[in-house]
Amino acid sequence: MSLHETSLNEVEIIRAAAGPDKEVVFISGIFNTIHPGHTRLFRYAQEQGDFLVVGVLDDSLAGGAIVTAEDRLAGVGEMSCVDHAFVLRDAPVDFVAALKPATVVKGLEHKSQHNPEKAAVESYGGRLIFSSGETTFSSINLLRRDFLQVNHSAIHIPQDFLRRHGISVSSMEGRLRAMQEKRVIVIGDTIMDEYISCDAVGLSREDPTVVVRPLSRATFLGGAGIVSAHARSLGKHVDFFTVLGRDAQADRALELLAYYRIEANALRDDTRPTTHKMRYRAQDRTMLRVNTFSEIEISAALQNELYEAVAERIADADLLLFSDFNYGILPQPLVERVTELARAHGIPMLADSQTSSQTGDISRFANMSLITPTEHEARVALRDTTGGLAQIAAAMIEKASCQNILITLGAEGVFMQSRGRDKDNWLTDRLPAFNSLPRDPAGAGDAMMVTTGLAMASGASLWEAAYLGSIASACQVSRIGNLPLTTDELAKEVSRAGALAT
């Protein structure tokens, strides 16, 4: 057997890249246009070892090729599951004999045919597997895309609001640049959000229970943790103050905080678990959510520790964010002490206090520059189920002694209100939801709060800040799971707004 010189080089490259401890899996073929069948096969092969190698047959060996080997190689190389791809200029059996991969995978259609690789693999104790993969592998690939990618085509930017408030694209671009210089303090509840993506199998025959098959799990930083991650990605520096349990979720939270380059000041409390939310999803819908949490307030000793830690960093901050999920991390005495501290240093403050499965009151965060309740949260705080939005907003500003309010309305967008120079002169406006095809509403409010707050800290008016916040929210809901927004994502939509205006 005499291999082509390039094949010998590929053997050395693969051995060096895989190292002595990784099991190499090998596939070869023509691979004209990558289609779902190839995706399933590659995903299946990836599961059989540690290092997937794909040999794309050279034009002289590929009788059914309709595109050049270089173009076919480019298609294979774009597959994230493929560790190494190359143009194979020798018969696959000869290359297998030289490389000695632990596993060779061939499509199921080859099982009944003559396979010369069989003798080569058996000679060194490897294995030959026939499979075309499973449909679940293509499903997993789509799931990963849903978790990562922003669908910009679903985001629609209204123009009349910009004209009404004299907001230009250049001014918004300037705000984004200024936001990147801001230093933020975030204090609040850390939540670990876990998504279990499933195939819906059907109904149980024994009882009317939906039966699902788990496909993948993905864990995200949530709560005040993702607020910090947004602020760090869009700003310059974040000091995050929180309380965690002593459990695996806390350890994972600290890993993610370090990964996002957040300065975490996380106290440990042996009496409480780290808040953990598991969402079981099938066919792009959440079927069930299981929460592990405590609503007991942290001790006075832990409150003092948090306060002292914030006091050490407050002088360097440009903005302070209270991110309250009402799991006991922000008792009222601590909120009041931190608020007075920030006011003494002239630091603008924003607050968000979520009331969904738990009970909260956004009005307890007094003297904020901005509060961002949902309509439900505002009505709960005021015990008012019938008043109009303008009436609700004005009452909330009065009760919380805040300067501005942004009430989120879900699919209906946001309502904004600010007190004018005259005490009885209220300035109001609203924006529709920018995303017409939201994938996952979780985290929309967090993205809006952070972006709006950073913009206001950079000199933006409530209207300009809310516009940027709405863009952030639209980007966030276009994918599944909480991931930090980037300035580039927001800048792309700002640029689109400019293009639409011309």
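Colleague: Why is K100 called partly exposed?

Modeller: In this predicted model, K100 has a relative accessible area of 47%. Buried means under 20% and exposed means over 50%, with partly exposed in between, so K100 at 47% is partly exposed.

Colleague: Where does K100 lie, and what is its phi?

Modeller: K100 is in the loop between α4 (92–99) and β4 (103–106). Its phi is positive, about 55°, although K100 is not a glycine. Most residues other than glycine have a negative phi.

Colleague: Which loop holds S401, and what makes S401 partly exposed?

Modeller: S401 is found between α14 (389–400) and β16 (404–408). Its relative accessible area is 44%, and values between 20% and 50% count as partly exposed, so that label fits S401. The phi of S401 is positive too, near 50°, and S401 is a residue other than glycine.

Colleague: What phi does R383 take?

Modeller: R383 takes a positive phi of about 55°, and R383 comes just after helix α13. Within α13 (residues 375–382), E377, A378, R379 and A381 are buried. Those buried residues pack against β14 (349–353) and α14.

Colleague: Let's turn to helix pairs. Why are α8 and α16 called roughly perpendicular?

Modeller: The axes of α8 (residues 169–179) and α16 (residues 462–477) cross at roughly 75°. Angles of 65 to 115 degrees count as roughly perpendicular, and therefore α8 and α16 get that name. Their axes come within 11 Å.

Colleague: Which residues of α8 and α16 meet?

Modeller: From α8, the residues are S171, M172, R175 and L176, and they meet E464, Y467 and L468 in α16. By class, this contact has four nonpolar, one polar and two charged residues.

Colleague: Now the strands. What makes β3 mostly covered?

Modeller: Strand β3 (residues 84–88) has five residues, and four of them are buried. Each buried residue has a relative accessible area under 20%, so "mostly covered" suits β3.

Colleague: How do you know that β2 and β3 pair?

Modeller: Two strands pair if at least two bridges are found between them. Five bridges join β2 (residues 51–57) to β3, so β2 and β3 pass that cut-off. The two strands run parallel. You can look for V56 opposite V87 in β3, and for V54 opposite A85 in β3.

Colleague: How does the chain get from β2 to β3, and what is the handedness of that crossover?

Modeller: The chain goes from β2 through helix α3 (residues 69–77) to β3, a β-α-β crossover that is right-handed. The name is right-handed because, with the strands pointing away from the viewer, the path from the first strand over the helix to the second runs clockwise.

Colleague: Which sheet do β2 and β3 belong to, and what makes β3 an edge strand?

Modeller: They sit in an open sheet of five strands, in the order β3-β2-β1-β4-β5, with parallel pairing. The edge strands are β3 and β5 (127–130), as each pairs on one side only. From one strand to the next, the twist averages 25°.

Colleague: Which helices lie on that sheet?

Modeller: Helix α1 (residues 5–18) packs on the sheet, touching β1 (24–29), β2 and β3. Helix α4 lies across β1, β2, β3 and β4.

Colleague: Why could α4 be called roughly antiparallel to β1?

Modeller: α4 runs at about 165° to β1. Angles over 145 degrees count as roughly antiparallel, so α4 and β1 fit that word. The direction of α1 makes about 170° with that of β3, so α1 and β3 are also roughly antiparallel.

Colleague: What is the order of the sheet of nine strands?

Modeller: This open sheet has the order β10-β9-β6-β13-β14-β15-β16-β17-β18, with mixed pairing. Its edge strands are β10 (263–268) and β18 (426–431), each pairing on one side only.

Colleague: How do you know that β6 and β9 pair?

Modeller: β6 (residues 183–188) and β9 (residues 237–244) share five bridges, in the parallel sense. At least two bridges are needed, so β6 and β9 count as paired. V184 has V238 in β9 as its bridge partner.

Colleague: And how much of the whole chain is buried?

Modeller: Buried residues make up 52% of the 502 residues. The chain has 17 helices and 18 strands in its secondary structure.

Definitions and conventions:
Residues are numbered from 1 along each chain as its sequence is written. This is a predicted model: local features need pLDDT of at least 70, side-chain atom pairs count only at pLDDT 80 or more; totals for chains, interfaces and linings use all residues. Side-chain values use heavy atoms; hydrogens and water are left out. Axes are lines fitted to C-alpha atoms, for helices over the stretch in contact, and angles run from 0 to 180 degrees between N-to-C directions. Helices (H or I, at least four residues) and strands (E, at least two) are DSSP runs, numbered from the N terminus. Angles under 35 degrees count as roughly parallel, over 145 as roughly antiparallel, 65 to 115 as roughly perpendicular and the rest as oblique. Contact means heavy atoms within 4.5 Å. Ala, Val, Leu, Ile, Met, Phe, Trp, Tyr, Cys and Pro count as nonpolar, Asp, Glu, Lys and Arg as charged, and the others, Gly among them, as polar. Buried means under 20% relative accessible area, exposed over 50%, partly exposed in between (1.4 Å probe, protein chains only).
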